[in-house]
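Hi,

Here is the structure I said I'd pass along. Have a look at it first, and my notes on what turned up are underneath.

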Amino acid sequence: MDIYKAPPAGREIACNRTMNMRSIKAIGYDMDYTLIHYRSEAWEERAYAHIKKSMLERGWPVEDFEYDQNLIMRGLIIDIELGNIIKTNRFGYVKQAFHGTKPIPHQELQKIYSRTLVDLSDRRYKFLNTLFSLSEGCFFAQLVDGLDSGKIDGAVGYPKLHQVIGKALDHAHTEGTLKQDILSDPANFVVLDKETPLALLDQKKAGKKLLLITNSEWNYTAPVMSYAFDQFLPDGMVWQDLFDVTIVSSRKPSFFADPNPVFEIINDEGMLKPAIGGLKEGGKYLGGNAHMVEKLWGFDGEEILYVGDHIFADVRESKKVLRWRTALILRELETEMVALENFKEKQSTLNKLMRKKEELEYQYDQVRLAIQRKKEKYGPIIQQGLKELYGEQDKLKRESMALDKEIVPLAKESNRLMSDKWGLMMRAGNDKSNLARQIEEYADIYMSRVSNFLFKTPNAYLRSTRSSLPHDFYLG
Ligand SMILES: [Mg+2]
């Protein structure tokens with residue numbers, strides 16, 4: 001193999017705050033959508049089917065409803081009160097919105113949201129922050145259409161629709177029906193990645209302690225980990241040998257903040273006994289808390305890295321409460337980065353055209369001001385006569401209109417990268433999206449998959465990039 005192989009497109013590690021992997025002594029991993037990637041469309045279709053079944057039982061006419069992955073993406077927000085799906089920028093200004101499944105035109109959007117700053121702690125909003133929330137968003141949008149058209153009757157409002165979806169999903173989760181579906185046919189749901197076990201093995205052999213900390217229960221975790229890992233590990237090794245400590249049913253985010261009790265799992269069936277004296281190396285546990293992890297090896301927050309896909313439950317809490325180092329996994333980032341790479345040349349053309357447009361606008365404004373001063377007879381003496389100035393103004397206007405004809409199709413294409421409806425996940429127009437803002441604050445690094453660590457090795461020095469500021473006029 002080529003030992004200097006560069007990562008494929010989209011597999012880089014993005015860095016918000018510099019992190020020396022050499023000084024990381026323990027790495028904790030979440031499981032679902034972190035170590036294990038699911039075919040999100042297959043999983044969400046199944047979750048959607050459970051919601052649909054529950055609606056039909058209520059007598060709601062949703063027979064024709066079908067899951068549509070294109071309606072929704074991670075990082076969008078449900079406005080429960082108004083029946084809208086919205087995308088905001090980093091300050092909480094709404095930049096795009098759909099009412100149900102229909103786009104809200106820009107002018108109308110401004111009327112609805114001009115005085116609204118979206119605060120995610122407000123119960124009016126539901127942040128779709130993981131790949132598990134896509135079916136919920138899709139069903140909500142379609143039910144809003146159903147309610148508006150009178151298909152769903154009774155005095156129900158949009159909040160009621162959301163509440164009913166939430167109940168149906170909770171039911172599917174608590175009954176374990178969804179996870180049973182996955183276990184009975186893992187090949188249909190789990191995306192295998194032989195590089196993930198290798199990346200973890202590299203870290204372990206480099207002397208780092210590895211932990212699995214998942215909210216999934218033992219009787220789901222064990223078979224799924226075994227299916228996705230064992231076949232790619234060296235002979236005689238199984239997934240459990242990779243982890244110095246395994247914790248299931250961890251109740252994150254509470255795991256990071258509260259003194260939850262811990263039980264030891266003493267056999268493969270998941271039988272429990274009280275874990276007196278806390279965690280021990282090589283143990284498997286249910287529950288527990290982050291303080292126990294710190295105590296086990298005496299590591300402090302700077303020496304522990306936690307890797308997860310949930311911006312709140314995995315990354316925000318471990319950062320806010322414990323100051324652990326944090327990594328966020330976002331599989332779609334790969335698609336986003338490849339889309340940006342493929343659009344690179346057009347983007348550069350678009351940037352050049354925009355600079356030209358700014359130059360023309362500058363000239364137009366100067367001429368306009370010169371006309372004003374000439375007519376009102378004040379300010380510095382202007383050589384050109386009014387007729388000449390008007391002629392110049394017309395010429396600039398024609399040039400600007402011709403330029404717009406080149407810009408508009410490219411700008412439209414740029415706004416549709418990644419998703420026809422919503423554009424890029426990490427951007428809201430030219431600004432950062434709300435999701436990007438959360439990631440910036442809580443995730444020290446972020447990447448599309450755990451196996452991207454392979455290319456950076458367990459000893460890499462991950463440097464944050466110098467971020468741009470609006471007044472960086474003179475930088476190359
Ligand atoms: Mg997860």
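**The sheet and a helix across it**

Helix α8 (residues 218-229) lies across four strands, β11 (209-213), β12 (245-248), β13 and β15, and its direction makes an angle of about 130° with β12. Keep in mind that this is a predicted model.

Those four strands belong to an open sheet of ten, with mixed pairing, in the order β1-β20-β17-β16-β3-β11-β12-β15-β13-β14. At the edges are β1 (13-15) and β14 (272-274), each with a pairing on one side only. On average, neighbouring strands in this sheet are turned by 25° against each other, direction ignored.

If you want one pairing to zoom in on, try β13 (residues 262-265) with β15 (residues 284-287): they run antiparallel and share three bridges. There, Glu-264 sits opposite Tyr-285 of β15.

**The second largest pocket**

This one may be more up your street. The volume of the second largest pocket comes to about 860 Å³. Its lining counts 29 residues, and those nearest the centre are Thr-130, Phe-132, His-173, Asn-215 and His-310. Two or more lining residues come from each of α1 (40-57), β9 (125-127), α3 (134-148), α4 (158-174), α5 (177-184) and α12 (311-322). Which element gives the largest share of the lining? That would be α4, with five residues.

As for chemistry, the lining of this pocket splits into nine nonpolar, ten polar and ten charged residues.

Cheers

Technical notes
Residues numbered from 1 in each chain as written. Predicted model: local features only at pLDDT ≥ 70, side-chain atom pairs only at ≥ 80, totals over all residues. Heavy atoms only, no water. 1 Å grid on protein atoms, 1.4 Å probe; cavity = no way out; pocket = protein on both sides within 12 Å on 5 of 7 lines; lining within 4 Å. Points joined across faces, edges and corners; volume = space filled by probe spheres on them. Nonpolar A, V, L, I, M, F, W, Y, C, P; charged D, E, K, R; others polar. Pairing = 2+ DSSP bridges. Axes fitted to C-alpha atoms, helices over the stretch in contact; angles between N-to-C directions. Contact = heavy atoms within 4.5 Å.
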